[in-house]
Amino acid sequence: MAGYTLLQEEAYTHIKEQILSGALREEQIYSETKIAAMIGISRTPVKDALVRLSQERLVDILPSRGFRLHRMSEADIWDTYQVRTAVEGFCVVHLAHRKDTPEGRAAIAELEESIKRMKALAEAPIEELWQEDLAFHRRLVVFSGNREFAQLFESCNHRMSVIAKQSFQSPNRRQAAIAEHQAILDAVRACSGRDDLTAYGALRTHMEASRDIVLREDPSR
(Lines give C-alpha, C1' and ligand atoms only; values in the text may rest on other atoms or scores of the structure.)
Protein backbone atom coordinates (compact mmCIF):
# COMPACT_ATOMS: atom_id res chain seq x y z
CA MET A 1 0.00 0.00 0.00
CA ALA A 2 1.31 3.45 -0.91
CA GLY A 3 2.77 5.39 2.02
CA TYR A 4 3.92 2.35 3.99
CA THR A 5 7.31 0.67 3.96
CA LEU A 6 7.72 -3.03 3.29
CA LEU A 7 8.56 -3.65 6.94
CA GLN A 8 5.48 -1.75 8.10
CA GLU A 9 3.37 -3.81 5.71
CA GLU A 10 5.00 -7.02 6.91
CA ALA A 11 4.29 -6.17 10.55
CA TYR A 12 0.73 -5.05 9.78
CA THR A 13 -0.06 -8.20 7.78
CA HIS A 14 1.47 -10.50 10.40
CA ILE A 15 -0.38 -9.00 13.35
CA LYS A 16 -3.68 -8.75 11.48
CA GLU A 17 -3.44 -12.39 10.42
CA GLN A 18 -2.80 -13.35 14.04
CA ILE A 19 -5.92 -11.42 15.07
CA LEU A 20 -8.16 -12.82 12.35
CA SER A 21 -7.00 -16.39 12.92
CA GLY A 22 -7.78 -16.20 16.62
CA ALA A 23 -4.16 -16.68 17.62
CA LEU A 24 -4.35 -13.53 19.77
CA ARG A 25 -6.81 -13.51 22.66
CA GLU A 26 -8.92 -10.81 24.23
CA GLU A 27 -7.79 -9.31 27.54
CA GLN A 28 -4.20 -10.56 27.12
CA ILE A 29 -1.55 -7.86 26.78
CA TYR A 30 1.03 -8.40 24.02
CA SER A 31 4.53 -7.00 23.86
CA GLU A 32 5.62 -4.94 20.85
CA THR A 33 9.19 -6.15 21.46
CA LYS A 34 8.21 -9.82 21.39
CA ILE A 35 6.11 -9.36 18.25
CA ALA A 36 9.02 -7.58 16.55
CA ALA A 37 11.42 -10.38 17.54
CA MET A 38 8.97 -12.99 16.29
CA ILE A 39 8.81 -11.32 12.88
CA GLY A 40 12.53 -10.54 12.86
CA ILE A 41 12.26 -6.76 12.52
CA SER A 42 12.74 -3.70 14.73
CA ARG A 43 10.04 -2.23 16.97
CA THR A 44 9.45 0.88 14.85
CA PRO A 45 7.53 -0.78 11.98
CA VAL A 46 5.59 -2.80 14.56
CA LYS A 47 4.57 0.40 16.35
CA ASP A 48 3.50 1.94 13.03
CA ALA A 49 1.50 -1.18 12.18
CA LEU A 50 -0.24 -1.05 15.55
CA VAL A 51 -1.29 2.54 14.93
CA ARG A 52 -3.02 1.40 11.71
CA LEU A 53 -4.66 -1.51 13.49
CA SER A 54 -5.80 0.81 16.27
CA GLN A 55 -7.39 3.10 13.68
CA GLU A 56 -9.25 0.05 12.35
CA ARG A 57 -10.39 -0.68 15.92
CA LEU A 58 -8.67 -4.04 15.97
CA VAL A 59 -6.28 -3.28 18.85
CA ASP A 60 -5.93 -0.89 21.76
CA ILE A 61 -2.45 0.50 22.33
CA LEU A 62 -1.41 0.58 26.00
CA PRO A 63 1.41 3.13 26.45
CA SER A 64 4.55 1.58 27.97
CA ARG A 65 2.77 -1.78 28.25
CA GLY A 66 2.05 -3.04 24.71
CA PHE A 67 -1.31 -3.70 23.11
CA ARG A 68 -4.38 -5.91 23.39
CA LEU A 69 -7.30 -6.77 21.17
CA HIS A 70 -10.00 -4.15 21.03
CA ARG A 71 -13.20 -5.21 22.78
CA MET A 72 -16.13 -3.86 20.84
CA SER A 73 -18.31 -1.35 22.65
CA GLU A 74 -21.98 -0.70 21.99
CA ALA A 75 -20.92 2.34 19.93
CA ASP A 76 -18.62 0.13 17.83
CA ILE A 77 -21.50 -2.24 17.12
CA TRP A 78 -23.83 0.57 16.06
CA ASP A 79 -21.13 2.18 13.89
CA THR A 80 -20.27 -1.11 12.21
CA TYR A 81 -23.85 -1.97 11.35
CA GLN A 82 -24.63 1.50 10.09
CA VAL A 83 -21.62 1.45 7.76
CA ARG A 84 -22.46 -2.04 6.51
CA THR A 85 -26.12 -1.18 5.98
CA ALA A 86 -25.24 2.01 4.10
CA VAL A 87 -22.74 0.26 1.83
CA GLU A 88 -24.61 -2.99 1.27
CA GLY A 89 -27.96 -1.23 1.05
CA PHE A 90 -26.71 0.57 -2.04
CA CYS A 91 -25.12 -2.62 -3.37
CA VAL A 92 -28.27 -4.71 -3.09
CA VAL A 93 -30.29 -2.02 -4.87
CA HIS A 94 -27.58 -1.79 -7.53
CA LEU A 95 -27.87 -5.52 -8.14
CA ALA A 96 -31.69 -5.39 -8.14
CA HIS A 97 -31.63 -2.79 -10.91
CA ARG A 98 -29.25 -4.95 -12.98
CA LYS A 99 -30.67 -8.38 -12.21
CA ASP A 100 -31.57 -9.05 -15.85
CA THR A 101 -28.11 -8.29 -17.25
CA PRO A 102 -25.70 -11.19 -17.89
CA GLU A 103 -23.53 -9.96 -15.01
CA GLY A 104 -26.53 -9.61 -12.72
CA ARG A 105 -27.81 -13.10 -13.50
CA ALA A 106 -24.35 -14.54 -12.83
CA ALA A 107 -24.13 -12.74 -9.47
CA ILE A 108 -27.60 -13.94 -8.45
CA ALA A 109 -26.68 -17.51 -9.37
CA GLU A 110 -23.55 -17.27 -7.20
CA LEU A 111 -25.58 -15.86 -4.29
CA GLU A 112 -28.05 -18.73 -4.60
CA GLU A 113 -25.20 -21.24 -4.46
CA SER A 114 -23.86 -19.44 -1.40
CA ILE A 115 -27.21 -19.85 0.36
CA LYS A 116 -27.22 -23.56 -0.50
CA ARG A 117 -23.78 -23.89 1.09
CA MET A 118 -25.02 -22.02 4.18
CA LYS A 119 -27.89 -24.48 4.53
CA ALA A 120 -25.42 -27.37 4.30
CA LEU A 121 -23.30 -25.70 7.00
CA ALA A 122 -26.19 -24.93 9.35
CA GLU A 123 -24.85 -27.38 11.96
CA ALA A 124 -21.16 -26.96 11.12
CA PRO A 125 -18.65 -25.09 13.32
CA ILE A 126 -19.50 -21.39 13.55
CA GLU A 127 -16.34 -20.34 11.68
CA GLU A 128 -17.36 -22.32 8.59
CA LEU A 129 -20.86 -20.83 8.47
CA TRP A 130 -19.48 -17.34 9.09
CA GLN A 131 -17.03 -17.63 6.19
CA GLU A 132 -19.88 -18.50 3.82
CA ASP A 133 -22.01 -15.70 5.27
CA LEU A 134 -19.11 -13.33 4.61
CA ALA A 135 -18.72 -14.61 1.05
CA PHE A 136 -22.40 -13.84 0.32
CA HIS A 137 -22.03 -10.23 1.45
CA ARG A 138 -18.67 -9.78 -0.26
CA ARG A 139 -20.24 -10.88 -3.56
CA LEU A 140 -22.90 -8.19 -3.20
CA VAL A 141 -20.27 -5.52 -2.62
CA VAL A 142 -17.95 -6.72 -5.39
CA PHE A 143 -20.81 -6.58 -7.89
CA SER A 144 -21.09 -2.81 -7.34
CA GLY A 145 -17.61 -2.34 -8.82
CA ASN A 146 -16.93 0.37 -6.24
CA ARG A 147 -13.44 0.02 -4.78
CA GLU A 148 -14.18 2.40 -1.89
CA PHE A 149 -17.11 0.23 -0.86
CA ALA A 150 -14.90 -2.85 -1.06
CA GLN A 151 -12.30 -1.26 1.22
CA LEU A 152 -14.93 -0.20 3.75
CA PHE A 153 -16.43 -3.67 3.69
CA GLU A 154 -13.09 -5.40 4.28
CA SER A 155 -12.18 -2.97 7.07
CA CYS A 156 -15.33 -4.03 8.96
CA ASN A 157 -14.85 -7.76 8.58
CA HIS A 158 -13.16 -8.52 11.89
CA ARG A 159 -15.70 -6.50 13.82
CA MET A 160 -18.49 -8.20 11.91
CA SER A 161 -17.02 -11.63 12.61
CA VAL A 162 -17.03 -10.94 16.35
CA ILE A 163 -20.67 -9.87 16.24
CA ALA A 164 -21.85 -12.61 13.87
CA LYS A 165 -20.15 -15.43 15.74
CA GLN A 166 -21.65 -14.23 19.00
CA SER A 167 -25.13 -13.95 17.46
CA PHE A 168 -24.84 -17.44 15.91
CA GLN A 169 -24.67 -18.86 19.42
CA SER A 170 -28.20 -17.61 20.12
CA PRO A 171 -30.90 -20.33 19.78
CA ASN A 172 -32.25 -20.66 16.22
CA ARG A 173 -30.12 -17.75 14.97
CA ARG A 174 -28.34 -19.81 12.30
CA GLN A 175 -31.55 -20.85 10.55
CA ALA A 176 -32.97 -17.35 10.88
CA ALA A 177 -29.84 -15.82 9.34
CA ILE A 178 -29.97 -18.22 6.39
CA ALA A 179 -33.65 -17.34 5.86
CA GLU A 180 -32.74 -13.64 5.93
CA HIS A 181 -30.16 -14.17 3.19
CA GLN A 182 -32.81 -15.94 1.12
CA ALA A 183 -35.21 -13.03 1.69
CA ILE A 184 -32.56 -10.60 0.40
CA LEU A 185 -32.08 -12.64 -2.76
CA ASP A 186 -35.83 -13.12 -3.26
CA ALA A 187 -36.34 -9.36 -2.97
CA VAL A 188 -33.62 -8.73 -5.57
CA ARG A 189 -35.30 -11.14 -7.96
CA ALA A 190 -38.73 -9.59 -7.39
CA CYS A 191 -37.61 -6.00 -7.93
CA SER A 192 -39.36 -4.33 -10.86
CA GLY A 193 -38.31 -1.00 -12.31
CA ARG A 194 -37.35 1.45 -9.57
CA ASP A 195 -39.07 -0.55 -6.82
CA ASP A 196 -36.01 -1.04 -4.66
CA LEU A 197 -37.31 -0.56 -1.10
CA THR A 198 -38.12 -4.24 -0.60
CA ALA A 199 -34.55 -5.32 -1.38
CA TYR A 200 -33.12 -2.61 0.83
CA GLY A 201 -35.55 -3.49 3.62
CA ALA A 202 -34.60 -7.18 3.51
CA LEU A 203 -30.93 -6.25 3.79
CA ARG A 204 -31.58 -3.90 6.68
CA THR A 205 -33.68 -6.47 8.54
CA HIS A 206 -30.83 -8.97 8.27
CA MET A 207 -28.27 -6.47 9.51
CA GLU A 208 -30.35 -5.39 12.48
CA ALA A 209 -31.25 -8.90 13.61
CA SER A 210 -27.78 -10.03 14.67
CA ARG A 211 -26.91 -6.54 15.97
CA ASP A 212 -29.90 -6.59 18.31
CA ILE A 213 -29.11 -10.11 19.56
CA VAL A 214 -25.60 -9.08 20.58
CA LEU A 215 -26.72 -5.84 22.23
CA ARG A 216 -29.48 -7.66 24.10
CA GLU A 217 -27.44 -10.64 25.27
CA ASP A 218 -24.31 -8.81 26.41
CA PRO A 219 -25.41 -6.39 29.13
CA SER A 220 -21.78 -5.54 29.97
CA ARG A 221 -21.65 -3.24 26.93
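Here is a short walk through the structure, from its overall fold to its cysteines. Keep in mind that this is a predicted model.

Let's start with the secondary structure. The protein contains nine helices and two strands. Read from the N terminus, the elements follow the order α-α-α-β-β-α-α-α-α-α-α. The radius of gyration of the protein is 19 Å, close to the 17 Å that the globule rule gives for 221 residues, so the protein is as compact as a globular protein of that length. If you prefer to think in terms of a box, the C-alpha trace spans about 60 × 40 × 30 Å along its principal axes.

How do the residues pack inside that outline? Among contacts with a separation of 6 or more, 71% join residues 24 or more positions apart. Of the 221 residues, 48% count as buried.

Now for the surface and the charges. The protein exposes about 11400 Å², and carbon and sulfur atoms supply 53% of that area. The side chains include 30 positive and 33 negative ones, and the centres of the two sets lie 1 Å apart.

Finally, the cysteines. A disulfide is a covalent bond between the sulfur atoms of two cysteines. How many disulfides does a search of the whole structure find? The count is zero. Distance tells us why for Cys156: its closest cysteine sulfur, in Cys91, is 12 Å away, too far for a bond. Cys191 also has Cys91 as the holder of its closest cysteine sulfur, at 15 Å, again too far for a bond. As for their surroundings, Cys156 is buried at 2% relative accessibility, and Cys191 is buried with a relative accessible area of 6%.

Key. Residues are numbered from 1 along each chain as its sequence is written. This is a predicted model: local features need pLDDT of at least 70, side-chain atom pairs count only at pLDDT 80 or more; totals for chains, interfaces and linings use all residues. Side-chain values use heavy atoms; hydrogens and water are left out. A disulfide is a pair of cysteine sulfur atoms within 2.5 Å. Buried means under 20% relative accessible area, exposed over 50%, partly exposed in between (1.4 Å probe, protein chains only). Helices (H or I, at least four residues) and strands (E, at least two) are DSSP runs, numbered from the N terminus. The radius of gyration is taken over C-alpha atoms; the globule rule is 2.2 Å times the number of residues to the power 0.38. Contact means heavy atoms within 4.5 Å. Accessible areas come from the Shrake-Rupley method with a 1.4 Å probe; for residues, only the protein chains shown count as cover. Lys and Arg count as positive and Asp and Glu as negative; His and the chain ends are not counted. The place of a charge is taken as NZ of Lys, CZ of Arg, CG of Asp or CD of Glu.
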